[in-house]
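Good morning, and thank you for making time for this item. I would ask you to look at the sequence and the structure together as I speak.

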Amino acid sequence: MKTSKRKIEHLLLCAEKDVEAKRNYFDDVHLVHVALPEVDKDEIDTSVEFLGFELSFPMMIAAMTGGHPETKRINEALARAAEEFHIGMGVGSQRAALEDPSQEDSFRIVRDVAPTTFIYANIGALQLKEFGVEGVEKIIEMIDADAVAIHLNFLQEAIQPEGETAARGCLSAIKEACASLKVPVIVKETGAGMSYGVAKRLFEAGVSAIDVGGLGGTSWAAVETYRAMQEKDELGERLGRLFWNWGIPTPVSIVECSSLPLPIIATGGIRSGLEIAKSLALGADVCSAALPFVKPAMRGAEEVEKVLEIMAEELRVTMFLCGCSNIEELKRAEIIVTGKTREMLEQRGFLRRVQKAKEK
């Protein structure tokens, strides 16, 4: 039950504590206002296709929870909202259900209430090595998933006392999964970002999409800081505080990873429709978020739907002010990058790639 207990601890800490990175790098990204938009706001089309599914707007509820009895109602609320809005959704790590089949219900509920929604299963790269392709097939079948995400959370693993850090061989396991599974494989970071070099290796391994999971949103080092404080673990607390803001900012990760010819999911600091728009203008194809939905999901599906409606309207307003009638036009919208984000892109040699993409 250790994994199951940890799942509910993580969820409650995200709901109750300040677990976000200290800086949201989207503040450095500015969309250019179009004073004469020549677009009717009511006719703006926010729909987008992702891995063969049409989403009503380029947003997914990120992999969040499951694996503990108390998480079932939360996953149910999230799934009902995703079904209502015709967007995608991921479940939390299904490791707990592989270890204890009695936890499967907390994941199965998602497909039960969202029969037409794009849903992806979820397992860690280390558990992929442990359970193999057969284990991944089981979690896919568990929720009749349309894709599977293999998550990389080595920052968290390095800090938490139960962490597993035998990372050698994960790329080979991912490559085998890509060759063997019948559904698309997404590889996702969980808050520390993805560089071009890692994304290229994953592309060559055969992944179908990359979720950059960048620095700027929930910090799992922060979550582990609070867990360490509860356990009076001084070393764990020190490590958590030291690495609270470790990683590659989400906007930088988007630019680096979108240099490759595969779909990019922007996660990490997506808190409004404005950040969705900025992400797509930087090169992402869809976005996702978890933290904005945690507390609403605890109150029910209608509260989650309210958050989604606000985000969708914020996106429409942003598109209108940029003179964009659809998502393809938004992806070509003019942007200005300033501050630390610009410095990072310049030093990494990627700023010119943003400019060139807008010139096409």
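Is E224 buried or exposed? Before I answer, please bear in mind that this is a predicted model. E224 has a relative accessibility of 2%, and because buried means under 20%, E224 counts as buried.

Let me place this residue in its surroundings. E224 belongs to helix α9, which covers residues 220–230. The side chain of E224 makes a polar contact with the side chain of H10, at 3.0 Å. If we set aside the neighbours within four places in sequence, the residues in contact with E224 are H10, Q156, I159 and Q160. H10 therefore appears in both descriptions, as a contact of E224 and as its polar partner, with E224 itself buried at 2% relative accessibility.

The helix around E224 may be described in similar terms. Of the 11 residues of α9, 8 are buried, so the helix is largely enclosed by the rest of the structure. The buried residues are A221, A222, V223, E224, T225, Y226, R227 and A228.

What follows the helix deserves a moment. Just after α9 comes K232, with a positive phi of about 55 degrees. K232 is a residue other than glycine, and its place is in the loop between α9 and α10, the latter spanning 234–242. K232 counts as exposed, because its relative accessibility is 73% and the threshold for exposed is over 50%.

A second residue may be considered alongside K232. E38 is not a glycine either, and its phi is positive, about 55 degrees. E38 is found in the loop between β1 (29–31) and β2 (48–50). With a relative accessible area of 70%, E38 is exposed.

I turn now to the strands, beginning with β11, residues 286–289. Which residues cover the two faces of β11? V286 and S288 lie on one side, C287 and A289 on the other, and all of them are buried. Strand β4, residues 59–61, runs parallel to β11 and is joined to it by 3 bridges. Strand β10, residues 264–267, also pairs with β11 in the parallel sense, over 3 bridges. C287 is a useful point of reference on the screen: M59 stands opposite C287, and C287 is also the bridge partner of A266.

Further along the chain is helix α13, residues 291–299, whose buried residues are L291, F293, V294, P296 and A297. G300 follows α13 and has a positive phi, near 130 degrees.

My final topic is open space in the model. Rolling a probe the size of a water molecule over the atoms shows where empty space is left. How much space lies in the second largest pocket? The value is about 410 Å³. Of the 17 residues lining this pocket, L152, F154, E189, V198 and R201 are the closest to its centre. Two elements give two or more residues to the lining, namely α7 (170–180) and α8 (196–205). By class, the lining comprises 12 nonpolar, 3 polar and 2 charged residues.

To close, I return to the opening residue: E224 is buried, and its side chain makes a polar contact with that of H10. Thank you for your attention.

Definitions and conventions. Residues numbered from 1 in each chain as written. Predicted model: local features only at pLDDT ≥ 70, side-chain atom pairs only at ≥ 80, totals over all residues. Heavy atoms only, no water. Helix = DSSP H or I, 4+ residues; strand = E, 2+ residues; numbered from the N terminus. Buried < 20%, exposed > 50% of the residue type's maximum accessible area, 1.4 Å probe, protein only. Polar contact = N/O pair within 3.5 Å; in protein donor to acceptor, adjacent residues only side chain to side chain. Contact = heavy atoms within 4.5 Å. 1 Å grid on protein atoms, 1.4 Å probe; cavity = no way out; pocket = protein on both sides within 12 Å on 5 of 7 lines; lining within 4 Å. Points joined across faces, edges and corners; volume = space filled by probe spheres on them. Nonpolar A, V, L, I, M, F, W, Y, C, P; charged D, E, K, R; others polar. Pairing = 2+ DSSP bridges.
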